[in-house]
Amino acid sequence: MKQIALYGKGGIGKSTTSANLSAALSARGLDILQIGCDPKRDSTRMLMHGKLIPTVMDLLRNQGEAKISRADIVFTGFNGVRCVEAGGPEPGVGCAGRGIIATFQILQKHGALEGDVIVYDVLGDVVCGGFAMPMREGYAEEIYLVTSGELMSLYAANNICKAIQRLSIRPKSRCRLAGVICNAKGQSREEELVAEFARRVNSEMVQFIPRSRTVQMAELNRKTVIEYEFGSSQADCYRSLAQRVMENTHLTVPTPIEYDELEALAIEFM
Amino acid sequence: MNLRPLQSNSCRHGGCTLTGALSATTHVRDAVTVVHGPKGCAHHNFSLLHTTGLDNGELILPEIISTGLAETEIIFGGEEALAGVLTSVARQDPAAVFVLTTCIVDTIGDDVQEVCGRDYGVPIIRVPTAGFLGGTFQDGMNRALCAIAATVPSRRADSAASRAMGPCVNIIGEKNLEFEVEENYAEVCRLLDGLDLRVNVRCIRNCTLQDLSRLGMARLNILRDEELRPVGDFLKERFGTPYVISYPAGLEGTIGFLQSVADGCGVPGEGAIDREEEIQREILAGFQDIAGSEILMESSPGSPEALLVAGELVRRLALKPGAGGIRVPLPISPPVGSAGVRRLLHRWRCTIHA
């Protein structure tokens, strides 16, 4: 079983990329589980045709852990992709990170963490130990950073490299950086910039996903691009990413760079 | 937030704000203390207070109620749980409800102040603690004393009601968890009696909220020790009451205490001091059988203040400290008053003659 996690700055397109990646992987005949690890709970919405599925945390709160069954938390979406949303508290109260930890405990208890590939779509940044949960021992071993060429997006990706580097030191940890996905905003030389950033942090850019109206159209139609426009060039990108993910053996301990170097890099490719 | 580095001898320092605050609030006998946090935080403190009470000859079941936070409340916030418990506790119509918080409550950011600010029909007194995150045992105790004092009307010692009561003092911050707490209090009362002073309020030990309402009517506050200085300052600001910063420690310390209290209350102290010096001479005369003995003081876990008192006794009884001497125990806190010195010397005698 392959377990991968997508991390990146909020709003950069992690959920869109994750859902399309899951859809593309399922199209290869693989058994896929996608877990949204974000209180926003919208990771799997396109796979579920616009439906916001009940979250593990909703069920924990409303009916208690003892009454939660596997069928309550795992939902089947496009092409058989199984979907789970961790959910979390309302903004400003409680501890969302602890919610992620509790979700993993519940999923493990029900033996739900299975399939050919598990895709973890994680909230914008590793803000606390709870959001590092997918990177802990026994969970995602391959981390993909989703970023555009914008400085703040690269900054967030670099921070996540720090978390991976720290976690990779742990004796039982097999968590490694598997690559950088450029979800482009459409700025000039963006592909070159992200590829160079990936090289500087001891990794490589595994896929360039151009900005495309097809993505917006697919989302308005509550579908992944794979389902909405299977033959489009954008769908080809996600299929290419899926192939790369399945064949990828280049797993590294990242070498995060200093902010000054990051800034100079952004200026160099302006 | 507690950012202080850990002391090398951490078991004798630091501690938890929750325990410190509970050691005070649970002695307001007509109030209830709500511990907002996991039930374990209330449980181990209940056990500690209960067994310490038994050690001091008191069978007391502290009125502690936990909000029982578990996984769900920690993820989604514990404010509803706190409001529910406060509503339930208020139905018992206690004189007041103290609300103390644990580490996890501050970690998840519950707005405890807002929840406590709602109307429950009984006074809610929030004590900002936050468990180990909030500071030390002493910080918790100090905050509890200040939180209670902040609810007391600011009547002053020069009011008509106060004058009618006669000259009196408050005892601030008794160590409710220490051994011989009542013996120490009795010794302080004996010394105060010699100055024709009486105790107005024990803040806080075995009292009611009504007792505490007289807090501002004393001429002087006697702090149990130096660490209560922030409380002394708070009370001075609120009620205008001056303070002395310690119980009497050792023989010379007892004479100094009498002088300080007499000065602070504006009463003559010479007669009481003369009588006390005579009592101290009699005490030392009663222990001449151990004078000149070779001893070895067990310095750990004694405080620096206790060591000072021990040094005084070494001088007064011409004891000979040395590596080959008989090991004599040193108390954690210095002996209180002349009676405390007598008890300490009695223990030393038992060891020396054993």
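This is a conversation between a trainee and a mentor about a predicted model with chains A and B.

Trainee: Before we start, what are the ground rules for this model?

Mentor: Residues are numbered from 1 along each chain as its sequence is written, and chains are lettered from A and ligands numbered from 1 in the order in which they are written. The model is predicted, so local features need pLDDT of at least 70 and side-chain atom pairs count only at pLDDT 80 or more, while totals for chains, interfaces and linings use all residues; side-chain values use heavy atoms, with hydrogens and water left out.

Trainee: What makes residues of chain B and chain A part of the contact?

Mentor: Contact means heavy atoms within 4.5 Å. Nine residues from chain B and 13 residues from chain A take part.

Trainee: How do you know how much area is buried between chain B and chain A?

Mentor: You take the accessible area (1.4 Å probe) that the two parts lose on being put together, summed over both. Here that comes to about 960 Å², with carbon and sulfur atoms giving 60%. On the chain B side, B:Glu71, B:Ile75 and B:Phe76 lose the most, together 66% of what that side buries.

Trainee: Why is the pair A:Arg98 and B:Glu71 called a salt bridge?

Mentor: The rule wants a side-chain nitrogen of Lys or Arg within 4 Å of a carboxyl oxygen of Asp or Glu. For A:Arg98 and B:Glu71 the closest N and O atoms are 2.6 Å apart, so the pair meets the rule. Two salt bridges turn up across this interface.

Trainee: Which helices of chain B supply at least two residues each to the side that touches chain A?

Mentor: That's α3 (71-76) and α4 (79-90), where helices are DSSP runs of H or I with at least four residues, strands are E runs with at least two, and both are numbered from the N terminus. The largest share, five residues, comes from α3(B).

Trainee: What does A:Cys95 touch, leaving aside its neighbours within four places in sequence?

Mentor: A:Cys95 is in contact with A:Pro89, B:Ile74, B:Ile75 and B:Ile108. You'll find A:Cys95 in the loop between β4 (82-85) and α4 (96-109) of chain A.

Trainee: Is the A:Glu142 and A:Lys2 pair within one strand or between two strands?

Mentor: Between two: A:Glu142 lies in strand β6 (residues 142-147) of chain A and A:Lys2 in strand β1 (residues 2-8) of chain A, so the pair ties together parts that are 140 residues apart in sequence. The closest N and O atoms are 2.9 Å apart. The whole structure has 33 salt bridges over all chains.

Trainee: What makes an empty space a cavity, and what makes it a pocket?

Mentor: On a 1 Å grid over the protein atoms alone, a cavity is a set of points where a 1.4 Å probe fits but cannot get out, and a pocket is an open set with protein on both sides within 12 Å along at least five of seven lines. Lining residues have an atom within 4 Å of a point. Two cavities of 30 Å³ or more are counted, and the largest holds about 110 Å³.

Trainee: Which residues lie nearest the centre of that largest cavity?

Mentor: B:His27, B:Arg29, B:Leu49, B:Gly53 and B:Ile60, out of 14 lining residues. Helix α2 (residues 39-55) of chain B gives the most to this lining, with four residues.

Trainee: And how much space lies in the second largest pocket?

Mentor: About 650 Å³. Its lining has 32 residues, with A:Gly11, A:Ile12, A:Gly13, A:Thr16 and A:Glu219 nearest the centre.

Trainee: What makes B:Ala130 and the bond from B:Cys203 to B:Ile204 worth a look?

Mentor: Most residues other than glycine have a negative phi, and most peptide bonds are trans. Phi of B:Ala130 is near 70°, a positive value, and the bond from B:Cys203 to B:Ile204 is cis, with omega near 10°. B:Ile204 sits in the loop between β6 (198-203) and α10 (209-212) of chain B.

Methods
Points joined across faces, edges and corners; volume = space filled by probe spheres on them.
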